[in-house]
Amino acid sequence: MHGDRVVVVDAPSGSLPVDADAIVTIAARTPVAVLGADCALVGLASPEGPVAVAHAGWRGALAGVLERTVEQMRLLGAVEVVAALGPCIHPECYEFGEADLDRVAGRFGDEVRATASTGRPALDLPRVVERSLARVGVARPTALAGCTACGGPWYSHRARGEVARHALVVWREEQGPA
Ligand SMILES: [Zn+2]
């Protein structure tokens with residue numbers, strides 16, 4: 001949706017269509033997933049129990065979807081939160097318009113500005129994720145994968161117009177402290 005809506009689920013519910021960009025749960029054995037092709041897919045977990053997935057393109061990041069997701073985890077008892085970043089488009093492949101780049105840099109700092117392999121201005125989406133999570137006390141995410149546009153077996157809407165999507169799935173094995 002490229003917004004900031006976060007939903008909480010408390011039990012497995014099959015394939016639930018959700019008009020949101022993030023899902024949080026504290027229930028065990030209740031996998032939550034997000035789909036994407038270039039946007040950042042972020043997995044979050046806490047030893048206190050809550051886990052989450054979030055889909056963050058630049059619009060969602062600007063809307064605060066990652067901060068909202070972590071805030072919701074904290075409402076469910078999370079203290080320590082760790083993050084993992086799945087496949088997403090990286091700056092070498094992500095030419096970005098100057099006006100939009102100014103908007104994103106205005107919120108997350110000039111360190112999100114980058115240069116594409118073409119030499120044109122680019123957005124560093126992994127850095128946007130890192131800066132966004134840092135605002136809510138989450139350390140730099142572990143990188144699980146590289147660039148969707150030029151590396152690995154990932155789908156890319158931007159580079160190849162692919163309509164398929166890859167998924168990032170997170171779940172808790174058991175109730176109680178992980
Ligand atoms: Zn690339």
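**View 1. Strand β2 and its partners.** Thr25 stands opposite Val51 in β5, where strands are DSSP runs of E covering at least two residues, numbered from the N terminus. Strand β5 (residues 51-56) runs antiparallel to β2, to which 4 bridges join it; two strands pair if DSSP finds at least two bridges between them. Strand β1 (residues 6-9) pairs with β2 in the parallel sense, also over 4 bridges, and in this pairing Val7 has Ile23 as its bridge partner. This is a predicted model, in which local features need pLDDT of at least 70 and side-chain atom pairs count only at pLDDT 80 or more, whereas totals for chains, interfaces and linings use all residues. Residues are numbered from 1 along each chain as its sequence is written.

**View 2. The faces of β2 and β3.** In a regular strand the side chains alternate between the two faces of the sheet. Strand β2 (residues 22-25) is covered on both faces, with Ala22 and Val24 buried on one side and Ile23 and Thr25 buried on the other (buried: 20 or more other C-beta atoms within 10 Å of the residue's own, with C-beta atoms placed from the backbone). In strand β3 (residues 32-36), Val32, Val34 and Gly36 point to one face and are buried, while Ala33 and Leu35 point to the other and are not.

**View 3. Pairing of β3 with β10.** Strand β10 (residues 166-170) and β3 pair in the antiparallel sense over 5 bridges, and Leu168 in β10 is the bridge partner of Val34.

**View 4. Surroundings of Val129.** Leaving aside neighbours within four places in sequence, Val129 is in contact (C-beta atoms, placed from the backbone, within 7 Å) with residues including Ala40, Val42, Leu66 and Pro141.

Technical notes
Two residues are in contact if their C-beta atoms, placed from the backbone, lie within 7 Å. A residue is buried if 20 or more other C-beta atoms lie within 10 Å of its own, exposed if 12 or fewer, and partly exposed in between; C-beta atoms are placed from the backbone.
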